[in-house]
Structures are given as C-alpha cells and as structure tokens.
Amino acid sequence: MSAAIDQNRRIALAKLFGGRDLPLPRGMTSVCSAHPLAIEATLRHAALQGEAVLIEATCNQVNQEGGYTGMTPTDFRAFIERIAGSIGFPADRIILGGDHLGPNPWRKLGAEDAMARAEAMVTAYVEAGFEKLHLDTSMGCAGEPSALADELTAARAACLARAAEDAARRIGARLPVYVIGTEVPPPGGATHALAELDVTQREAALSTLDVHRQAFIKAGVGAALARIIAIVVQPGVEFGNANVALYKPDRAQTLISALDEMKGLLFEAHSTDYQPAASLSALVDGGFAILKVGPGLTFALREALYGLDAIAAILAGDRGADGLKAIMEEIMLAEPGHWAGHYGGTPEELRLQRHFSYSDRIRYYWPDARAAAAVERLFARLPDTIPETLISQHLARLYPDVVEKRIAPNARELCLAAIDAALAPYAAATAPR
C-alpha cells in the first residue's frame with residue numbers, strides 16, 4: 001500500500017467510522033446479505049476481533065415499499081440489531097449502508113415518478129440510521145436509454161444527496177458519507193461466461209468525481225462533497241454463473257494512479273465474491289479498500305446445507321428424495337421469477353444453475369416459508385453430534401476444525417462455520433498490519 005493510498009484510507013475510513021473509538025483497519029468488508037445466518041456469522045466474527053462491521057442493503061432488497069425482503073430500512077435495522085442482541089454484539093459497532101440507492105426498483109416508471117420514489121427511499125434510509133449511502137442513478141427510466149450520460153447521472157445523484165442531507169438535518173442525525181460512481185458489475189453477478197474484463201479508465205474515474213462535484217454544488221449540497229469517501233469502479237473482478245474473473249493487479253495500475261489526485265478517497269470494489277485471499281489483499285493494497293461480498297456467503301451456506309442434507313439421508317438410510325434439495329427445486333420451478341431471467345441453456349444446465357451457480361439466485365428462496373420449514377426439518381433430522389467421518393465426506397472444508405474441536409459438530413454451528421470460512425479471506429485482507 002503506497003503512502004498516498006494509506007493516507008486516503010485513513011481519511012476515508014475515519015469518516016466512515018464516524019467517531020467510533022476503534023482502530024482503523026486496512027479496509028472494510030461490506031456484507032451485503034439479508035440471511036440471518038450470514039448476519040450472525042458476520043457479527044460473531046467481528047465480536048471475536050473487536051471490530052466494527054459494515055452491513056449493507058440494496059435498493060431492490062430493502063426500501064420504503066418493502067423490497068423483495070418485505071423489509072423497510074427501519075425493519076432491516078431492527079432485524080440486524082435483533083441478531084446482534086441475541087449474541088451480545090454492541091449495536092454501536094454496526095455501520096449500516098445502502099447500496100445502489102436510486103430509481104432502479106421503479107425504472108419502468110417515468111423518470112420524475114421513479115426519482116421521487118428514490119428520494120423517498122433515501123430519506124427512509126437516513127431516518128432509519130443508515131450512515132453510508134451509495135448513490136446510483138445510472139439506469140434509464142421509461143422512455144430513456146438504458147444507460148444515461150454522466151452529467152444526468154450526477155445531477156440525479158445530487159438530488160438524492162440533497163434528500164439525504166435534508167433528512168439528516170431534520171432529525172438531528174449524523175450527516176451520511178457517500179459513495180459515488182456506477183461503473184460496476186451487474187448486481188448479483190454476470191449472466192454470461194466471463195473473459196477478461198475491461199478495467200475502468202483512469203480518466204473515467206477522475207471525470208466521475210469532477211461531474212459529481214459540479215452537480216453537488218449546483219444542487220446546493222457542496223458541503224456533502226467532503227463526505228464522499230469512495231468511488232465505485234471496475235478493477236477487473238467479477239463472477240458469472242460458472243466462472244470467476246480474478247483480480248490482476250498489473251492491469252489496474254493506471255486506474256490506481258488516479259487516487260493520487262483524489263485526496264481522501266478510496267475505491268469500492270463490487271462483486272469480489274470468490275476472489276482468493278491473495279487477490280483480496282492485493283485489491284486493498286491498491287486502494288480498493290471497501291470490498292463487497294454477498295452471494296459468496298449464501299453460496300457457502302447452501303454448500304453446508306446440501307452437505308447436511310446428504311448426511312441426513314445417509315443416517316436415515318434413504319436417498320433423500322424428499323430432502324432439502326428436492327424441495328428447493330420444487331419451489332424454484334413453481335416460482336421462477338428470481339432466476340429465469342438470469343440463467344440460460346438446456347433443461348439440465350438450468351437445473352445445475354438453479355442450485356450451484358456462483359450467482360446464487362437460490363438465495364432469494366431461503367426466506368420462503370416452505371424453504372425455511374425444510375431447513376428446520378433437516379436440522380431436526382440430524383443428531384446433536386454429527387459423525388466426524390460424514391463431515392469429512394460431505395463438509396470436508398470444515399472437517400479439520402471439527403476434529404480439532406474448534407467447531408461443534410452440529411448442524412447450526414457447521415452452517416455458521418461455512419459462512420465464516422467464506423469471510424475469512426476478507427478478514428485477512430482488511431486487517432491492520
């Protein structure tokens with residue numbers, strides 16, 4: 001990490017921490033998940049390390065109309081704090097963020113209506129105590145191109161910033177910090193096989209900052225510019241349904257040099273799921289100090305659940321025809337809305353993707369009452385102490401820790417440990433050195 005990047009890191013993360021009396025890490029893992037086990041594993045890990053956590057909700061997931069989780073921002077905060085309270089994690093060490101906040105949930109409407117709803121959403125996030133806001137107004141609304149000009153995108157982002165600033169002042173809350181920029185991978189991963197990705201051009205990153213500066217000043221929120229902490233860019237990382245594009249630091253050096261002209265700013269990297277530990281560490285070294293992860297955590301959970309499903313079938317002496325995987329297939333076929341537009345191919349390829357895609361669209365189905373009941377039945381079928389030999393066979397990544405008594409061999413602890421294993425490379429990459 002260069003001296004300039006280190007200085008930027010200290011400035012930006014200090015603003016994100018907002019006066020919390022905690023040591024600044026090298027970077028922050030941004031956990032983007034609404035699964036209670038993913039949240040619990042995140043908080044448990046942070047509790048052991050004495051760290052703050054950054055947990056984010058997306059505009060489609062959580063908004064004033066409920067989003068696909070059925071939660072408003074206030075509901076989401078209560079959901080997170082309820083889990084924190086159950087394990088004794090201090091609520092004041094939780095930083096909540098909003099991701100891709102903009103008109104995306106309502107882009108089929110006209111721009112005026114969609115932006116009015118986006119402003120109401122940002123207001124609801126601020127009123128619920130969210131402190132980090134990623135403003136993303138890049139998508140076209142009804143009658144507009146799918147991608148908008150930078151100047152219009154920045155002008156709309158400034159309108160959202162004004163709504164956020166007004167809300168914070170009205171309720172006496174701490175003024176939020178902002179992330180700008182929209183040169184990001186598709187939320188949830190790409191839908192096609194990945195070749196080498198185009199890295200954001202240095203000039204494009206500098207231009208993003210410049211047009212937002214102009215737009216914020218024109219909108220009367222110039223003071224908020226001092227609280228922009230990061231820009232979202234594409235460093236060359238992504239995952240599709242079947243493969244992962246790994247970070248190649250040499251390809252990002254020109255982009256990284258732009259940070260020399262961005263005092264106090266960092267880059268935020270999206271879709272870092274499935275990157276190996278060395279790649280995550282190299283991202284942080286290069287100034288991509290906020291690392292987003294989401295599907296990778298529920299992918300690890302699904303692996304654990306399916307492993308446990310196989311173990312339960314062995315212990316019961318059956319083939320598991322009515323097991324968890326079969327039930328999830330039934331639910332996804334009956335309600336294809338969350339995967340049909342994202343997967344493609346033959347019926348067999350679609351079946352494989354429904355369950356095993358890196359994009360992990362199955363994560364949208366775990367809250368379904370039928371899925372939740374199936375998981376409960378699975379846990380009930382398993383003994384309190386699962387045989388180590390079966391853990392070795394079906395949950396091999398967790399086996400060494402089970403044998404050495406670091407993980408209890410019961411279903412719930414194994415699921416939490418699987419998620420924790422997916423978080424471990426992020427913890428190593430962002431930890432102080």
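**Close-up views of the barrel and its surroundings**

**View 1. β10 sits between β1 and β9.** Met28 has Ile290 as its bridge partner in β10. This is a predicted model, where local features need pLDDT of at least 70, side-chain atom pairs count only at pLDDT 80 or more, and totals for chains, interfaces and linings use all residues. Residues are numbered from 1 along each chain as its sequence is written, and side-chain values use heavy atoms, with hydrogens and water left out. Strands here are DSSP runs of E with at least two residues, helices are runs of H or I with at least four, and both are numbered from the N terminus. Two strands count as paired if DSSP finds at least two bridges between them. On one flank, strand β1 (residues 28–31) runs parallel to β10 over 4 bridges, and Thr29 has Leu291 as its bridge partner there. On the other flank, β9 pairs with β10, also in the parallel sense, over 2 bridges, with Glu268 opposite Ile290. To get from β9 to β10, the chain passes through helix α8 (residues 277–285) in a right-handed β-α-β crossover. Right-handed means that, with the strands pointing away from the viewer, the path from the first strand over the helix to the second runs clockwise. Both faces of β10 (residues 290–293) are covered: Ile290 and Lys292 on one side, Leu291 and Val293 on the other, and all are buried. Buried stands for under 20% relative accessible area, exposed for over 50%, and partly exposed for anything in between (1.4 Å probe, protein chains only).

**View 2. The whole barrel, with a helix packed on it.** The 8 strands close up in the order β1-β2-β3-β4-β5-β6-β9-β10, with parallel pairing. Ignoring direction, neighbouring strands of this sheet are turned by 25° against each other on average. Helix α6 (residues 202–218) packs on the sheet and touches β4 (132–135), β5 and β6, with its direction making about 135° with that of β6. Touching, or contact, means heavy atoms within 4.5 Å; axes are lines fitted to C-alpha atoms, for helices over the stretch in contact, and angles run from 0 to 180 degrees between N-to-C directions.

**View 3. β5 and β6, side by side in the barrel.** Zooming in, β4 and β5 run parallel and are joined by 3 bridges, and Lys132 stands opposite Val177. β4, helix α5 (residues 150–171) and β5 form another β-α-β unit, which is right-handed. Strand β5 (residues 177–180) is covered on both faces, with Val177 and Val179 on one side, Tyr178 and Ile180 on the other, and all of them buried. Next along, 3 bridges hook β5 up to β6 in parallel, and Ile180 faces Ile231. In β6 (residues 228–232), 5 of 5 residues are buried. β6 then pairs with strand β9 (residues 266–269), in the parallel sense over 3 bridges, and Val232 stands opposite Glu268.

**View 4. Helices α9 and α15 cross.** The axes of α9 (residues 295–316) and α15 (residues 411–430) come within 8 Å and cross at roughly 145°. This crossing is right-handed; a crossing is left-handed if the near helix is turned anticlockwise from the far one by less than a right angle, and right-handed if clockwise. From α9, Gly296, Leu297, Ala300, Leu301, Ala304, Leu305 and Leu308 meet Ala411, Leu414, Cys415, Ala418, Ile419, Ala422 and Leu423 of α15. That set splits into 13 nonpolar residues, 1 polar and no charged. For the tally, Ala, Val, Leu, Ile, Met, Phe, Trp, Tyr, Cys and Pro count as nonpolar, Asp, Glu, Lys and Arg as charged, and the others, Gly among them, as polar.

**View 5. Two loop residues with positive phi.** Tyr274, in the loop between β9 and α8, has a phi near 75°, a positive value in a residue other than glycine. Asp360 isn't a glycine either, yet its phi is positive at about 55°. Asp360 lies in the loop between α11 (347–356) and α12 and counts as buried because its relative accessibility is 1%.

**View 6. Glu376 on helix α12.** Glu376 belongs to α12 (residues 369–381). It counts as exposed because its relative accessibility is 59%. Glu376 and Ala428 are 52 residues apart along the chain, and their C-alpha atoms are separated by 33 Å.
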